[in-house]
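User: Can we go through this one together? I'd like to hear the reasoning behind each label, not just the label.

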Amino acid sequence: MNTFLSLYQEMGWALSLLVLATFVLAGTVKGVIGLGLPTVCMGLLGLAMAPAQAAALLIVPSTVTNIWQLLLGGQLRSLVVRLWPMLLTIFIGTAIGSLWLGIEGGQWVVRALGAALVLYALCGLFLPVLHVPARHERWLGPLCGLVTGIITAATGVFVIPAVPYLQALGLNRDELVQALGLSFTVSTLALAGGLLWHGELGGGELGASLSMLVPALAGMQVGQWLRGRISALVFKRVFFVGLALLGAHLAING
């Protein structure tokens with residue numbers, strides 16, 4: 001795929017429209033609840049293409065929207081100081097996972113993606129609010145980062161266990177949103193490195209990913225408009241139920 005146009009020509013109009021609609025929907029979800037763009041993209045696109053191809057498409061939109069998110073809140077320096085061990089092991093875990101597992105394709109990768117989506121949905125629906133004492137952050141943060149990195153390399157999903165861990169740190173709402181943006185940015189860049197190592201991220205793939213930035217940002221604007229008009233709690237529940245069903249389908253049918 002030498003150009004991003006050849007990628008879409010190869011996919012055909014029907015699949016290209018699915019990709020476009022997926023990024024608008026994923027951006028909308030992120031605009032409402034502050035996360036979910038790569039998760040929705042990997043889940044829906046995993047129905048129609050190889051996980052590595054789906055992961056390559058989300059690199060630019062995910063990076064830009066997460067950098068936007070992490071720059072808001074004014075607590076970036078303190079969060080980096082607090083979270084750097086976890087962020088470092090996300091890179092290490094992704095590197096290990098890329099060398100050991102990779103995301104090149106195969107039925108097991110699709111099933112693993114489905115299992116990761118189901119696990120994340122169940123955590124979102126049923127996991128109670130946890131609390132991590134400060135004395136445990138020194139070892140638990142790096143462990144969560146390492147596991148998150150390995151799962152990222154294998155499935156392109158980088159929310160487990162990073163999101164539950166960050167939610168358990170007792171951060172206020174603005175700090176949590178910024179911390180999630182920081183974690184997701186590191187995970188996206190680490191995933192891009194893994195894809196590049198396996199030859200799955202060239203100029204054509206980056207061009208195709210760049211073309212999905214506008215739909216993702218448009219979806220985020222819609223989501224931010226919806227956030228003040230619908231119940232965020234109800235939206236989250238619907239999102240996680242849908243994600244669980246989608247993940248179960250991928251896990252069972254591959």
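**Reading the labels**

Analyst: Let's start with R82, which is partly exposed at a relative accessible area of 35%. One thing to keep in mind throughout is that this is a predicted model.

User: What makes R82 partly exposed rather than buried or exposed?

Analyst: Its relative accessible area is 35%. Buried needs under 20% and exposed needs over 50%, so R82 at 35% falls in between and gets the middle label.

User: And why is the pair of E137 and R82 called a salt bridge?

Analyst: The closest N and O atoms of E137 and R82 are 2.7 Å apart. The limit is 4 Å between a Lys or Arg side-chain nitrogen and an Asp or Glu carboxyl oxygen, so this pair qualifies. The count by that rule comes to 1 salt bridge. The pair links distant parts of the chain, with E137 in helix 7 (residues 137-155) and R82 in helix 5 (residues 76-100), 55 residues apart.

User: How do you know which class E137 belongs to, buried or exposed?

Analyst: E137 has a relative accessibility of 14%, and that is under the 20% cut-off, so E137 counts as buried. Its partner R82, at 35%, is partly exposed.

User: Staying with helix 5, what makes you say it bends, and where?

Analyst: The helix 5 bend is about 65° and sits at L83. A proline, P85, follows within four residues.

User: Which residues of helix 5 are buried, and what covers them?

Analyst: The buried ones are L79, L83, M86, L87, T89, I90, G93, T94, G97 and S98. Their cover includes helix 7, helix 8 (162-167) and helix 9.

User: How do you know that L79 is buried?

Analyst: L79 comes out at 3% relative accessible area. Buried means under 20%, so L79 meets the cut-off. Leaving aside neighbours within four places in sequence, L79 is in contact with W84, L171, E175, Q178, A179 and L182.

User: E175 is in that list. Why is E175 called buried?

Analyst: E175, in helix 9, has 18% relative accessibility; the cut-off is 20%, so E175 counts as buried. E175 touches Q75 and L79, again not counting residues up to four places away. The C-alpha atoms of E175 and L72 are separated by 9.1 Å, although the two residues are 103 apart along the chain.

User: What about L99 in helix 5: what makes it buried or exposed?

Analyst: L99 has a relative accessible area of 61%, over the 50% mark, so L99 is exposed. The C-alpha atoms of L99 and C123 are 28 Å apart, with their positions 24 residues apart along the chain.

User: Which residues form the nonpolar surface patch, and how does I96 earn its place there?

Analyst: The patch is V80, W84, L88, I92, I96 and W100, with about 610 Å² of accessible area together. I96 is in helix 5 and is partly exposed at 39%. Patch residues need over 30%, so I96 passes on accessibility.

User: Turning inward, how many residues does the largest nonpolar core have, and where does its largest share come from?

Analyst: That core has 66 residues, and those with the most contacts inside it are F23, L83, Y120, Y165, L166, L195 and F239. The largest share, 9 residues, comes from helix 9 (residues 173-197). F23 touches C41, L45, L57, L58, P61, M212, P215 and A216, not counting residues up to four places away in sequence.

User: G36 is in a loop; what makes it buried or exposed?

Analyst: The loop is the one between helix 2 (13-33) and helix 3 (37-45). At 4% relative accessibility, G36 is under the 20% cut-off and so counts as buried. Beyond four places in sequence, G36 touches V29 and F239.

User: Last one: what joins I160 and P161?

Analyst: A cis peptide bond, with omega at about -5°. P161 is found in the loop between helix 7 and helix 8. For context, most peptide bonds are trans.

Technical notes. Residues numbered from 1 in each chain as written. Predicted model: local features only at pLDDT ≥ 70, side-chain atom pairs only at ≥ 80, totals over all residues. Heavy atoms only, no water. Helix = DSSP H or I, 4+ residues; strand = E, 2+ residues; numbered from the N terminus. Buried < 20%, exposed > 50% of the residue type's maximum accessible area, 1.4 Å probe, protein only. Patch = residues over 30% accessible without salt bridge, like charges linked within 9 Å, V, L, I, M, F, W, Y side chains within 5 Å. Areas by Shrake-Rupley, 256 points an atom, 1.4 Å probe, with all protein chains shown as cover. Core = buried A, V, L, I, M, F, W, Y, C linked by side-chain atoms within 4.5 Å. Contact = heavy atoms within 4.5 Å. Bend = angle between axes of the 7 residues up to and from the residue.
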